[in-house]
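Welcome, and please load the model in your viewer. We will go from the whole chain down to a helix and then to one loop residue.

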Amino acid sequence: MTKNFIKISLIVICCLVFAGCSNAATTKRIYLSGQGRFDAFEWDFKCSGGQNSGKWATIKVPSCWEQQGFGNYDYGDVDNKQKSSEKGFYRKEFNLDSINKQQVKIIFQGVMTDAIVKINGKSAGPTHQGAFTAFSYDITDLVKQGSNLLEVEVAKMSANDHINASQRKADYWVFGGIFRPVYLEIVPEQLIDRLAIDARMDGEFKMQVYTKHASVTNKIQAQIETLDGEKIGDLMKAYVLDQGDAITVTQNLNNIKLWSDEIPNLYRVKVSLLDKDKVIHTVSQRFGFRTFEHRNGHGFFLNGKRILLKGVNRHCFRPESGRTLSPQDSIEDVKLLKSMNMNTVRCSHYSPDKHFLDTCDELGLLVLHELCAWHKPLHESVGRKIVEEIVTRDQCHPCVIMWNNGNHSGFNPKLEAEFYKWDIQDRRVLRNESQKYNKLPMPADPKLEPIDTRFYPTYEKLERRVKGKYTVLPNECLHALYDGGGGAGLEDFWALLKDSPVGGGLIFWAFADEGIMRTDQNNKIDVAGNKAPDGLVGPHLEKEASFYTVREIWSPIQIAMEILPENFTGDIEVENTFTSINLAQCKFQWQLVDFAEPDDREPGYTVQSSGSVKGPSIEPRDKGILKLKLPPNWKKHDALMLDGIDHQNNKVWTWSWPIINRKDIYSKALNNKTGEVVVDEDNPFVVYSNDLTLTFDSKTALLKEVKIKDKILGFSNGPKLYAQPLIVRPTFNPEISYRKEASSYIIEGRNLQEFELVRWTIRPNGIVKLDYEYSLPKGKYDYYGAGFDLPEDKVISKKWLGEGPYRVWKNRIKGTIFGLWENQYNDSLPGERFIYPEFKGCFADVHWMKIATKDGDVTLYNANERTFIGILRPSQGIDPKGSAWFYPKQGGLYFFDAISPIGTKTKKPHEIGPAGEKNKAGGTIIKTVYLSFSK
């Protein structure tokens with residue numbers, strides 16, 4: 001859209017809005033910018049430094065100017081003295097008809113970082129300092145009928161060192177620009193300036209109405225109604241007693257519908273300012289009846305029921321636009337968070353877009369709202385103003401349950417009272433992690449007991465804390481760098497919190513990898529090394545494995561049954577972890593399915609039978625029995641799949657249990673081919689079967705080569721023992737033998753250096769059975785198992801029946817579903833190539849896996865329980881810290897009997913729970929695998 005077209009459109013809008021507006025009672029809003037990143041307007045712009053600087057051009061507003069090709073990029077942890085400090089100069093013409101004694105305000109929803117605003121060459125007011133809060137100016141006396149000129153000078157670095165220290169010295173990208181919408185509001189001279197609402201679960205409604213220029217001849221009337229317009233309760237009335245004082249109206253209602261994260265019922269109140277009986281101004285405000293409270297020693301309660309906060313830290317962010325978002329981005333984020341079965345989001349570390357809070361109200365997500373101060377607290381001289389801007393804009397949102405007074409050591413105790421000063425609800429103000437980790441951060445008000453929000457506890461420290469007397473809510477926890485943290489360790493942490501009377505919840509770090517698309521680097525995504533790729537989802541919201549682990553562990557419907565018992569009759573024990581929903585409000589849908597075979601062209605499954613059943617009557621925090629009525633022949637099918645559907649018809653999780661056993665699978669494979677085994681006349685370690693040639697090492701019994709017709713597969717050089725630490729026998733006496741047995745041929749090695757036994761049974765149909773035994777001394781191991789070489793450059797794809805589609809670690813087993821999966825080879829690289837699910841890694845409960853290579857296919861049938869199939873070596877990201885994984889450096893295809901746990905950026909695996917401990921082993925391990933090779 002061209003600049004001229006926008007200017008003409010704005011004139012038309014203004015003419016329509018102001019025609020007869022002198023009698024209008026509602027606020028008129030005219031956007032001078034777009035409302036988000038998708039509908040931005042073009043303004044004139046000049047940048048003082050960096051890309052495309054020193055000349056007038058055009059820029060989209062709202063936007064971060066770096067993402068429009070101007071200025072320089074900075075990550076927040078760089079010293080402020082080294083950060084770029086360019087300024088941006090904006091110009092925008094707009095037209096007004098006569099305003100007929102109305103007032104005109106200009107509102108900026110967010111500017112980074114200092115803003116000097118002029119209208120027609122004159123100052124609109126003092127410089128606004130602070131990036132993440134809305135501000136406004138009364139420009140009635142500065143505008144004129146016809147053409148007007150808006151000029152804004154934006155300084156990326158603030159003139160206030162306290163602002164720079166608290167907002168621009170941080171662990172996130174820092175930008176410059178008018179990054180949120182700009183608009184005019186046309187209001188009467190006497191007006192309602194703002195509202196503050198406290199609506200409780202018992203139906204008590206209290207509202208403070210703040211007016212401007214009203215007099216004692218004015219009065220207020222207010223009516224509560226549903227969003228459909230149905231009036232609720234009586235009309236409330238009150239007189240203006242003194243100019244500038246808040247007018248308070250109250251009412252007690254019966255039979256109201258409560259707002260919660262599970263059932264987000266909203267109401268609306270319409271408030272009018274009257275001069276005698278004439279309405280001169282009317283505003284409308286959505287709200288919800290709800291009570292959120294903290295009870296000392298008992299945790300958090302929503303509407304009288306205990307609630308555990310299940311949440312994540314979220315930045316306002318998209319790779320293409322930085323901090324500039326649109327309403328549809330907020331909807332996408334909230335839906336994604338809710339789909340992880342979360343109920344809480346922490347706005348790290350600044351005020352979010354208003355449309356984000358609107359969406360949280362509508363869809364049901366609790367919000368921890370935060371004052372921006374990373375490690376350096378805001379000085380009270382500027383902090384008071386910013387706290388006022390935060391609370392007065394957002395206090396009517398029922399989703400906002402608590403305020404965070406800064407982050408890490410960014411807490412200023414002198415600002416705590418400011419939150420209570422402006423908040424009619426007296427929401428609790430949290431103090432986050434203190435500088436000394438072992439010292440519990442105390443509230444500034446000595447009458448309040450602390451809430452223990454200390455960040456990144458070890459399992460041991462969390463275990464101590466949940467045995468104490470203060471509510472425990474780690475506000476940053478299980479740092480999800482690369483593939484670590486997040487879901488890894490969650491099951492152990494969550495067990496401590498949910499079983500403790502002082503467990504308050506857990507807030508992950510973080511929601512999404514904060515990768516910015518660099519306009520100065522050919523749109524490459526930059527995550528600042530290992531500083532920003534710490535999300536449960538990727539920069540474009542790609543779902544990572546931990547996303548699904550969190551979803552399963554935090555599902556409000558819990559089923560502990562891991563395998564179908566022999567005497568299964570359809571009864572399944574179910575636990576209800578909702579806050580207020582009875583499972584009778586939910587339903588379950590089951591399917592009996594048969595899976596495709598390894599050689600079938602189309603992967604997937606066929607539904608053979610299905611049904612739906614209403615959930616049993618189970619109250620929150622109770623358990624009960626779900627009864628499925630399966631057909632008599634249900635055991636003939638491959639698997640039982642079960643979907644849990646909540647009261648809003650959302651699927652919370654899918655459980656899947658194999659019915660078919662492993663022996664049935666590989667027995668079927670053994671009988672589906674015919675042929676004969678031929679041994680080379682000159683070399684008994686070269687064996688032929690149909691088009692297959694197998695060559696074995698005569699001294700070690702290792703498989704040296706697999707050839708299909710004239711193609712040599714890279715699959716070779718095994719089995720070899722892969723363990724960390726690797727333990728091999730210093731003395732051994734290999735015994736190699738070969739023999740015919742019926743129609744099969746057997747090559748056997750005993751007393752080898754790594755294995756007690758390796759036995760190959762080559763069948764006439766080309767199926768190869770591998771039996772092996774090895775022993776480990778008692779000890780602790782990162783991983784152990786047997787493996788083969790598999791060249792990565794030859795691999796095309798894999799298809800498997802087992803848990804998937806994501807890889808697992810020892811302390812992140814949950815989050816996968818038993819089924820038939822397939823994915824093409826990818827080389828996902830943490831922090832650089834965000835491709836999910838990752839191809840490489842360890843996969844659980846694999847019954848069979850077919851690996852396609854450029855030279856042929858390898859299909860394995862796993863006859864063993866509790867064995868993980870590892871394929872290729874996953875790549876590590878830059879400086880992974882505690883989230884580094886342990887994995888063999890050679891090989892390519894592995895049959896792991898134990899796999900490595902994974903840590904977080906700040907903690908090693910053993911520090912985040914028992915599941916993160918190394919594997920304890922000792923004794924003899926006996927395994928069987930079947931292998932098939934095809935062109």
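For the packing stop on this tour, contact means heavy atoms within 4.5 Å. The model you are looking at is predicted.

**Select the whole chain.** Colour by secondary structure and you will find 10 helices and 59 strands. Along the principal axes, the C-alpha atoms fill a box of roughly 110 × 65 × 50 Å. The radius of gyration is 33 Å, which agrees with the value near 30 Å that a compact globule of 935 residues would have. Buried residues make up 61% of the chain. Now switch on the surface: about 36800 Å² is exposed, and carbon and sulfur atoms supply 47% of that area. If you colour by charge, the mean positions of the 122 positive and 118 negative charges turn out to be 2 Å apart.

**Select residues 545-553.** This is helix H9, and 9 of its 9 residues are buried. Among them are Phe-547, Tyr-548, Arg-551 and Glu-552. What do the buried residues of H9 pack against? Show helix H3 (327-339) and helix H8 (490-498), then add strands E31 (505-508), E34 (557-558) and E40 (651-658): these are the packing partners.

**Select Ser-900.** You are now in the loop between strand E58 (892-898) and strand E59 (919-934). Is Ser-900 buried or exposed? Its relative accessibility is 2%, so Ser-900 counts as buried, the cut-off being under 20%. Leaving aside residues up to four places away in sequence, Ser-900 touches Asp-782, Tyr-783, Trp-809, Lys-810 and Phe-886. Finish by drawing a C-alpha to C-alpha distance from Ser-900 to Tyr-783: the two are 117 residues apart in sequence and 5.4 Å apart in space.

Conventions
Residues numbered from 1 in each chain as written. Predicted model: local features only at pLDDT ≥ 70, side-chain atom pairs only at ≥ 80, totals over all residues. Heavy atoms only, no water. Buried < 20%, exposed > 50% of the residue type's maximum accessible area, 1.4 Å probe, protein only. Helix = DSSP H or I, 4+ residues; strand = E, 2+ residues; numbered from the N terminus. Rg over C-alpha atoms; globule rule 2.2 N^0.38 Å. Areas by Shrake-Rupley, 256 points an atom, 1.4 Å probe, with all protein chains shown as cover. Lys, Arg positive; Asp, Glu negative; His and termini not counted. Charge placed at Lys NZ, Arg CZ, Asp CG, Glu CD.
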